[in-house]
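Please look through the sequence and the model below before reading on. The paragraphs that follow go from the sheet to the cores, then to one helix, and end with charged side chains.

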Amino acid sequence: MQPRNMSMSGVVDLAAVKAAGEAKQKAEKARADAARTGAPAPTRLVFDVDEAGFQQEVLQRSTEVPVVIDFWAEWCEPCKQLGPILEKLAGEYAGKFVLAKIDVDTNQALFQQFGVQGIPAVFAVVAGQPVPLFQGAAPEAQIRQVLDQLVQAAEQQFGIVGAPAEAAGAEDVEQEEAPVPAGPYDSALAAAHEALDAGDLGGAVRAYQNVLNDDPANAEAKLGLAQAQLLERVQGLDPQQVRKEAADSPASPAAQIAAADLDLVGGHVEDAFGRLVETVRRTVGEDREAARLHLLSLFEVIGGDDPRVVTARSALARVLF
């Protein structure tokens, strides 16, 4: 049986999460201001990519934000019509996706790897996996529909919600010397953290939920709630029995979910993620969806920027596509 006062301090640093949450809120405000005022997109939302930079600029970045790829060439007249539309939309979507432009004349290897038949051609990469979007110049309204579907799928399937750190005014947030003023929920969050550390899991869940009821985007409260709910789930479990059931029923989402929870609480993060990715691979329908959604909830416990989450998102994409 798991002790009541078990702590998640070995898995997540709440102080670091608080700082990241504050930075995220500032970045999201900057994005909203830019979208409302019609300010031009930051250049980093639209960038040129070559073969040397593809791994870092596209594949790695795609674990944090959908990367749309525009295959183009200087001699291609339809490309000259499509390119400005994509760049404009990258600004309007304000970090929900980024646009990588690849000149096919100087990057033939990438052109061939994606199996491009003609240009302009537009692909996306999500969690390291390529997704064909459309070929040829398309009307703006149609492109918006495709991008909306891409953004929605990235969030629902992999928990990838964009790149707020890419927004205008968000750079170097960590280096600001001015102190961050106390937020309206600091005392409530402090009480929730204390309840969590003291093993009052029900009190912690209620306290975090109260904050989220007023501020649904509060990153610190989301993570704290995910931790408290995880600890509630494993209370009273018999680890030996849970692991026996998981070994006996490798395709059972319930058995694997319970074992993954124990893995995570024990600090075996990669094991927890790998177990659920494998369960997604083995199952279909509602069983697959249950395993996938639970995996996304465990990502919330660790934090989306953690390298282990990034790796697991890529693995999840490989078994889903």
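Which residue in β5 does Phe123 stand opposite? In this model, which is predicted, the residue opposite Phe123 is Pro132 of β5. The two strands concerned, β4 (residues 121–126) and β5, run antiparallel and are joined by 6 bridges.

These strands belong to an open sheet of 5 strands, whose order is β1-β3-β2-β4-β5 and whose pairing is mixed. Because β1 (46–48) and β5 (129–135) stand at the edges and each has a single partner strand, one side of each is left without a neighbour in the sheet. From one strand to the next, the twist averages 25 degrees.

Turning to the nonpolar interior, the largest core has 69 residues, and the residues with the most contacts inside it are Leu133, Leu264 and Phe273. Apart from this core there is a second, separate one of 25 residues, which includes Ile69, Cys79, Ala100 and Ile102.

Helix α12 can be followed in some detail. Spanning residues 285–302, α12 has 18 residues and reaches 27 Å from its first C-alpha to its last, which is close to the 26 Å expected at 1.5 Å a residue. Its buried residues are Ala291, Arg292, His294, Leu295, Leu296, Leu298, Phe299, Val301 and Ile302, and the helices against which the buried residues of α12 pack are α5 (140–158), α8 (219–234), α10 (253–265), α11 (269–282) and α13 (307–320). After α12 comes Gly303, which has a positive phi, near 110 degrees.

The charged side chains complete the picture. Side chains of opposite charge can pair when their charged atoms come close. With a cut-off of 4 Å between a side-chain nitrogen of Lys or Arg and a carboxyl oxygen of Asp or Glu, the count comes to 15 salt bridges.

One of these lies within α12, where Arg292 forms a salt bridge with Glu289 and the closest N and O atoms are 2.6 Å apart. Because Arg292 and Glu289 are 3 residues apart in helix α12, about one helical turn separates them. Arg292, at 4% relative accessibility, counts as buried, whereas Glu289, with a relative accessible area of 34%, is partly exposed.

In helix α11, Arg281 and Glu278 also lie 3 residues apart, about one turn of the helix, and their side chains meet in a salt bridge with an N to O distance of 2.4 Å. Arg281 is partly exposed, its relative accessible area being 46%, and Glu278 counts as partly exposed at 26% relative accessibility.

A further pair is found in helix α3 (residues 77–93), in which Glu77 and Lys80 are 3 residues apart, about one turn of the helix. The salt bridge between Glu77 and Lys80 has its closest N and O atoms 3.5 Å apart. Glu77 has a relative accessible area of 49% and is partly exposed, while Lys80 counts as partly exposed at 42% relative accessibility.

Finally, salt bridges can be traced beyond single pairs, since Lys88, Glu92, Glu140 and Arg144 are linked in a network of them.

Technical notes
Residues numbered from 1 in each chain as written. Predicted model: local features only at pLDDT ≥ 70, side-chain atom pairs only at ≥ 80, totals over all residues. Heavy atoms only, no water. Helix = DSSP H or I, 4+ residues; strand = E, 2+ residues; numbered from the N terminus. Expected span 1.5 Å × (residues − 1). Buried < 20%, exposed > 50% of the residue type's maximum accessible area, 1.4 Å probe, protein only. Contact = heavy atoms within 4.5 Å. Pairing = 2+ DSSP bridges. Axes fitted to C-alpha atoms, helices over the stretch in contact; angles between N-to-C directions. Core = buried A, V, L, I, M, F, W, Y, C linked by side-chain atoms within 4.5 Å.
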